[in-house]
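Here is a short set of exercises to work through with the model open beside you. Try each task first, then follow the solution step by step.

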Amino acid sequence: MSSANYHIVRRSGGWCIEHDRDVSQPYLTREAAFEAIIGQVSNALKTGDAVTINVDGPPAGEAALGIS
């Protein structure tokens with residue numbers, strides 16, 4: 001069985017998706033980055049892959065929604 005691993009991380013003033021050593025363009029919020037991977041995750045599940053999604057928390061002092 002294969003596995004698909006996704007990690008949402010804070011980079012470049014936004015939130016990026018790391019998958020298979022590739023890094024996406026930055027999204028404004030963690031939620032936007034998460035929503036962007038839903039189609040990919042759905043396809044991975046359909047092909048029988050195990051899926052792992054990790055989402056980093058916001059940096060200290062930053063509001064959960066990225067709004068101060």
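**Exercise 1. Place E18 in the fold and list what surrounds it.**

Solution. Keep in mind that this is a predicted model.

- Step 1: Start with the sequence position: E18 lies in strand β2, which covers residues 14-19.
- Step 2: Next, look at its cover. E18 has a relative accessibility of 22%, and since buried would require under 20%, E18 counts as partly exposed.
- Step 3: Collect the contacts, setting aside neighbours within four places in sequence. E18 then touches N5, Y6, H7, V9, R11 and V23.
- Step 4: Pick out the polar partner. The side chains of E18 and R11 make a polar contact at 2.5 Å.
- Step 5: As a distance check, take the C-alpha atoms of E18 and P58. They are 16 Å apart in space, with the two positions 40 residues apart in sequence numbering.

**Exercise 2. Is H19 buried or exposed, and which residues does H19 contact?**

Solution.

- Step 1: H19 also belongs to strand β2.
- Step 2: Apply the cut-off. The relative accessible area of H19 is 19%, and buried means under 20%, so H19 is buried.
- Step 3: Beyond four places in sequence, the contacts of H19 are A4, N5, Y6 and Q40.
- Step 4: For a polar partner, look at D20: its side chain makes a polar contact with the side chain of H19 at 3.2 Å.
- Step 5: Now widen the view to the strand. Five of the six residues of β2 are buried, so the strand is largely enclosed by the rest of the structure.

**Exercise 3. Work out the order of the strands in the sheet and how they pair.**

Solution.

- Step 1: List the elements. The chain has one helix and four strands, and from the N terminus they run β-β-β-α-β.
- Step 2: Take β1 (residues 3-11) and β2. These strands run antiparallel and are joined by five bridges. V9 stands opposite C16 in β2, and R11 has G14 of β2 as its bridge partner.
- Step 3: Take β2 and β3. Two bridges join these strands, again in an antiparallel run, and H19 is paired with D22 in β3.
- Step 4: Take β1 and β4. Here the strands run parallel, with six bridges between them, and Y6 stands opposite I53 in β4.
- Step 5: Assemble the pairs. The result is an open sheet in the order β3-β2-β1-β4, with mixed pairing.
- Step 6: Read off the edges. β3 (22-23) and β4 each have a single partner strand, so one side of each is left without a neighbour in the sheet.

**Exercise 4. Which residues take a positive phi in the two hairpins?**

Solution.

- Step 1: In the hairpin of β1 and β2, two residues sit between the strands, and S12 takes a positive phi near 50°.
- Step 2: Move on to the hairpin of β2 and β3. Two residues separate these strands, and D20 takes a positive phi near 50°.
- Step 3: Link this back to Exercise 2: D20 is the residue whose side chain makes the polar contact with H19.

**Exercise 5. Find the residues of the nonpolar surface patch and the elements that supply them.**

Solution.

- Step 1: The patch is made by F34, I38, I53 and V55, and its area is about 290 Å².
- Step 2: Assign the residues to elements. Those giving two or more residues to the patch are α1 (30-46) and β4 (50-55).
- Step 3: Check one member. V55 is in strand β4, and its relative accessible area of 38% makes V55 partly exposed.
- Step 4: Tie the patch to the sheet: I53 is also the residue that stands opposite Y6.

**Exercise 6. What share of the chain is buried, and what surface does the chain expose?**

Solution.

- Step 1: Of the 68 residues, 21% count as buried.
- Step 2: The exposed area is about 4,500 Å², of which carbon and sulfur atoms supply 52%.
- Step 3: For the extent, the C-alpha atoms fill a box of roughly 40 × 20 × 15 Å along the principal axes.
- Step 4: Finally, consider contacts with a separation of 6 or more. Residues 24 or more positions apart account for 47% of them.

Note on methods: Residues numbered from 1 in each chain as written. Predicted model: local features only at pLDDT ≥ 70, side-chain atom pairs only at ≥ 80, totals over all residues. Heavy atoms only, no water. Patch = residues over 30% accessible without salt bridge, like charges linked within 9 Å, V, L, I, M, F, W, Y side chains within 5 Å. Areas by Shrake-Rupley, 256 points an atom, 1.4 Å probe, with all protein chains shown as cover. Salt bridge = Lys/Arg side-chain N within 4 Å of Asp/Glu carboxyl O. Buried < 20%, exposed > 50% of the residue type's maximum accessible area, 1.4 Å probe, protein only. Contact = heavy atoms within 4.5 Å. Polar contact = N/O pair within 3.5 Å; in protein donor to acceptor, adjacent residues only side chain to side chain. Pairing = 2+ DSSP bridges.
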